[in-house]
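This report concerns the side-chain contacts of one protein model, with attention to aromatic rings and charged groups.

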Amino acid sequence: MERSDQEELGDEELLGAYVRGDTSALAVLVGRYRRMLYGTINQMVGNSQDSDEIFQEVWMKVIRNAAEYRKGNFRGWLFQLTRNLVVDRLRRAKNHISIDAEVEGMEGVRLRDCMADDRVTPEVEAGRRDMAVLVGEAVSALPAEQREVFLMRMNAECSFREIARLQKVSINTVLARMQYAVASLRKRLGKIALKGELQ
């Protein structure tokens with residue numbers, strides 16, 4: 001099957017094709033979720049080395065468990081695998097989470113510093129970078145449960161129902177965590193704006 005035809009298939013159809021021996025179907029799935037999944041992992045663990053490893057571990061688990069997967073919600077299953085691996089890694093490392101991690105081997109250089117948009121002026125880019133740093137620090141300061149809900153909703157575009165299932169809590173708990181997260185971010189970023197740090 002042509003790659004362009006495969007891209008029209010749903011997640012479960014692609015996984016089924018992979019189980020039947022079509023390795024290119026897995027490549028389409030990885031491509032479909034690469035940016036969203038990697039971005040979410042990186043914001044949760046805060047460094048590119050761990051993010052790379054977890055991203056690879058997620059797909060290794062998909063490969064190992066593809067034949068046993070039962071139809072349902074592939075994206076939810078994928079993010080459940082991801083969440084479990086991130087939680088395990090964070091428990092082992094006992095690190096503070098930062099979404100503005102320093103690039104390994106480049107002291108003082110942050111990952112988002114390497115992703116400049118060449119269509120804007122350096123001043124605008126610097127302002128965006130400063131804002132991204134401030135928002136990243138504010139998100140990092142959230143309690144773990146609130147941060148996880150916020151990132152899964154904003155980055156991974158998971159529904160609140162999916163997040164509730166992944167966190168094994170009620171949807172009301174997830175909604176409350178999101179509400180507290182947004183309120184905390186507004187409060188913290190509002191204080192920064194009043195001090196003039198966003199100007």
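## Aromatic and charged contacts

Trp 59 is buried, with a relative accessible area of 6%; buried means under 20% relative accessible area, exposed over 50% and partly exposed in between (1.4 Å probe, protein chains only). The model is predicted, local features need pLDDT of at least 70, side-chain atom pairs count only at pLDDT 80 or more, and totals for chains, interfaces and linings use all residues. Residues are numbered from 1 along each chain as its sequence is written, and side-chain values use heavy atoms, leaving out hydrogens and water.

Phe 55 is likewise buried, at 11%. The rings of Phe 55 and Trp 59 form an edge-to-face pair, because their centres lie 6.4 Å apart and their planes stand at 65 degrees. Rings of Phe, Tyr and Trp (its six-membered ring) pair if their centres lie within 6.5 Å; planes under 30 degrees apart count as stacked, over 60 as edge-to-face and the rest as tilted. The structure holds 6 aromatic pairs. Tyr 33, Tyr 69, Phe 74 and Trp 77 form one aromatic cluster, in which Tyr 69 and Phe 74 are both buried.

There are 6 salt bridges, each a side-chain nitrogen of Lys or Arg within 4 Å of a carboxyl oxygen of Asp or Glu. Three of them are listed here.

| Salt bridge | Closest N to O distance |
|---|---|
| Asp 11 and Arg 32 | 2.7 Å |
| Arg 89 and Asp 50 | 2.9 Å |
| Arg 75 and Glu 162 | 2.9 Å |

Salt bridges with shared partners join Asp 50, Glu 53, Glu 57 and Arg 89 into one network. Within this network, Arg 89 is buried at 9% relative accessibility, and Asp 50 is buried at 15%.
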